[in-house]
Amino acid sequence: MKKYLLRRLLQLIPMLLFISIVSFALIRLAPGDPVMSFVTPNMSPDDIERIRASMGLDQPLYLQYAYWLQNVLTGNLGYSLINHRPVLDLIVERIPATLGLMGCSLVLSLIIGITLGLVAALNKNKPIDRVLSFLSYIGISLPGLWFAMILIYVFSIQLHWLPSLGMRTIGVNSVWDVILHGVMPCLVLSITSIAVFMRYIRSSTISQLEEDYVNIQYAYGSTSTVILFRHVLRNVLLPVITILGLSLPEIITGAFIVESIFSWPGMGSLGINAVFSLDYPMIMGITMMSSFLLIFGNLLADMMYGVVDPRIKSMR
Amino acid sequence: MNRMRWTLLVSQLRTQKSALIALIILGIYVLAALAAPLAPHDPNTIHLDERLLPPSGQHWFGTDDNGRDYFARALYGARVSLSVGILAMLVSVTIGTIIGAISGYFGGKLDTFLMRSIDIGMSLPSFFLMLILNAYLKPGVVTIVLIIGLLSWMSISRIVRAETISVKEREYVLYARVSGQSTFRIIFRHIIPSIVPTIVVAATLNIAGVIMMESSLSFLGLGISPPDASWGSMLNNAKGYIGENPTLALFPGLLILTTVLAFNYLGDVFRAAFEPKVNRR
């Protein structure tokens with residue numbers, strides 16, 4: 001296990017290097033000269049060259065990359081072109097809101113997805129299974145942004161039950177207020193994963209119920225409830241961790257869209273705003289951060305899978 | 001082998017009415033998109049005295065904030081959304097199939113290298129990269145097709161690779177190799193044709209994903225730009241008028257939903273037909 005962990009951590013190095021190259025390329029690919037954002041009309045060409053030199057932009061590309069990487073490794077992701085604050089600070093401020101939203105959405109999708117999946121599997125091919133299966137197709141095919149608009153129309157504009165923007169009401173500082181603001185973003189972010197989990201749980205429960213060990217348990221006189229909860233469910237739930245890892249990109253993409261629709265003050269809306277204002281250092285920082293999130297999320301899912309399923313551990 | 005799979009598919013479509021419905025819906029959308037110029041109104045003519053009208057006999061889907069006929073806009077939007085879906089799918093399926101087949105056929109170091117690169121590629125936040133590239137480059141159908149296509153072939157190549165590995169040991173491939181055919185010919189004449197069903201499934205599901213991505217990009221204002229419209233950019237526009245005229249959001253959303261739903265559903269039906277084991281469940 002330790003060896004495996006070490007190998008996985010070592011594999012991260014080329015990945016992170018590649019991601020850093022992509023992020024660096026993003027600044028260099030950007031249209032326009034990065035120096036121009038520092039230039040004021042009364043500067044002479046000499047001044048401009050001096051700025052260029054002070055930013056290291058007169059050096060060859062590979063050296064620029066090396067300097068940049070060195071800065072990144074010491075936690076300096078540069079300064080936002082828009083409000084001139086360190087990129088890292090701005091991102092760190094936004095992380096709790098995004099992680100909170102993602103966490104809430106994961107919990108919600110797991111609870112609803114597993115429950116509905118089991119209900120569907122135990123009522124295989126009955127009307128309720130068919131209805132749930134149809135709903136799961138809608139869940140997978142529903143454009144999140146449109147679902148968000150419907151929710152806003154119904155619950156904010158018509159019913160006035162829920163606030164449609166932001167995370168807090170100005171001047172109100174209570175947990176309940178944050179929850180009210182979070183209900184719709186969390187629901188929109190969860191809808192696809194609910195459907196994915198439900199479909200997975202349904203099909204794997206059905207195939208587990210056909211296994212020999214289930215028949216043997218019946219032969220020993222176990223009741224179906226005992227078989228389901230003590231034996232089948234274990235085998236069904238373990239791989240969910242992997243699915244969780246696989247649905248991470250989905251959820252990160254979703255967070256960009258959901259946060260921008262609901263003006264949720266997280267990393268996603270920060271990233272979208274940075275794209276619109278062509279704030280390169282910020283764009284780069286967000287790219288790196290979300291890649292980190294993706295890689296470490298997947299690593300975590302793999303690790304957990306190894307921990308909960310002893311069979312995997314011995315296989316490695 | 002292949003013919004049997006196609007026969008299975010046809011019988012599957014015949015017995016499963018819902019699959020037929022999905023096909024019919026897509027057929028109608030494609031025909032409507034092709035027939036868009038026959039629409040009674042022009043999609044881009046502005047009538048400021050007819051703003052935000054509800055659906056009526058004259059304007060089937062009502063009018064938008066500039067008094068443009070919403071039905072005509074939806075038809076032209078279908079052209080953009082569907083063609084982006086199909087073209088980007090072609091790009092990603094082509095790249096995915098070639099890379100997957102090469103990786104699976106040659107194996108060894110090349111395979112390891114390609115698969116590790118794909119692992120790395122899949123750890124990038126692709127949607128955010130699409131946003132960035134769209135912001136940098138000149139927006140338009142070609143840009144968006146290339147960006148989506150070039151960033152979404154990885155999962156297809158994994159599937160193709162796995163299939164190639166199982167196919168390359170079959171007798172006819174061995175025979176072709178022994179009889180001295182070139183590697184290029186073996187891959188394109190023997191291996192790829194035999195995994196077409198798998199590719200069809202992946203392609204169908206891929207279109208659904210692409211249409212969804214295009215609509216998200218356009219919704220954020222970074223895809224198709226005005227005055228042209230896709231269903232996603234219509235939603236983007238409708239966002240501002242959701243209180244006054246919610247039908248503006250209703251129609252494009254329903255069109256995206258039903259199209260993506262139909263492709264997802266057909267993808268599953270194809271898979272069930274091609275993999276009889278799944279079929280039984």
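Trainee: Let's begin with chain A. How far apart are the C-alpha centres of domain 1 and domain 2 of chain A?

Mentor: They lie 37 Å apart. Keep in mind that this is a predicted model. As for the bounds, domain 1 of chain A covers 6-73 and domain 2 of chain A covers 94-315.

Trainee: Centres don't tell me who touches whom. How many residues of each domain of chain A are in contact?

Mentor: Domain 1 of chain A puts in 14 residues, and they meet twelve residues of domain 2 of chain A.

Trainee: And how do I put a size on that?

Mentor: The size of an interface is often given as the accessible area lost when the parts come together. Here, domain 1 and domain 2 of chain A bury about 1200 Å² between them. Carbon and sulfur atoms account for 83% of that area.

Trainee: What does the rule find for salt bridges across the interface of these two domains of chain A?

Mentor: Zero salt bridges between domain 1 and domain 2 of chain A. For polar contacts, the count between these two domains is also zero residue pairs, looking at pairs with both residues at pLDDT 80 or more.

Trainee: Which helices supply the side of domain 1 of chain A that touches domain 2?

Mentor: α1 (2-29) and α3 (61-73) of chain A each bring at least two residues to that side. The top contributor is α1(A), with ten residues. Sorted by class, this side of domain 1 of chain A holds eleven nonpolar, two polar and one charged residues.

Trainee: Okay, on to the two chains. What scores does the predictor give the complex?

Mentor: The complex gets an ipTM of 0.82 and a pTM of 0.85. Going chain by chain, chain A has a mean pLDDT of 82, with 92% of its residues at 70 or more. Chain B averages 84, and 94% of its residues score at least 70.

Trainee: Where is confidence lowest and highest within each chain?

Mentor: In chain A, the low point is helix α14 (residues 310-315), with a mean of 59, and the high point is helix α5 (residues 127-141), at 91. In chain B, helix α13 (residues 276-279) has the lowest mean pLDDT, 51, whereas helix α3 (residues 70-106) has the highest, 91.

Trainee: What is chain B built from, in helices and strands?

Mentor: Chain B has 13 helices and zero strands. Its C-alpha trace spans about 75 × 45 × 30 Å along the principal axes.

Trainee: Now the contact itself. How many residues does each chain give, and how much area is buried between them?

Mentor: Chain B gives 37 residues and chain A gives 43. The buried area between chain B and chain A is about 3700 Å², with 82% of it from carbon and sulfur atoms.

Trainee: Which residues form the one salt bridge between chain B and chain A?

Mentor: D268(B) pairs with R199(A), and their closest N and O atoms are 2.4 Å apart. The rule also finds four residue pairs in polar contact across the interface of chain B and chain A, both residues being at pLDDT 80 or more.

Trainee: Which helices of chain B supply the side that touches chain A?

Mentor: α4 (108-122), α5 (126-136), α10 (196-219), α11 (231-238) and α12 (247-274) of chain B each supply at least two residues. The largest share comes from α12(B), with eleven residues. By class, the side of chain B that touches chain A has 27 nonpolar, six polar and four charged residues.

Terms used
Residues numbered from 1 in each chain as written. Chains lettered and ligands numbered in written order. Predicted model: local features only at pLDDT ≥ 70, side-chain atom pairs only at ≥ 80, totals over all residues. Heavy atoms only, no water. Domains from an automatic or database assignment. Contact = heavy atoms within 4.5 Å. Buried area = accessible area lost by both parts, 1.4 Å probe. Salt bridge = Lys/Arg side-chain N within 4 Å of Asp/Glu carboxyl O. Polar contact = N/O pair within 3.5 Å; in protein donor to acceptor, adjacent residues only side chain to side chain. Helix = DSSP H or I, 4+ residues; strand = E, 2+ residues; numbered from the N terminus. Nonpolar A, V, L, I, M, F, W, Y, C, P; charged D, E, K, R; others polar. pLDDT = per-residue confidence, 0-100.
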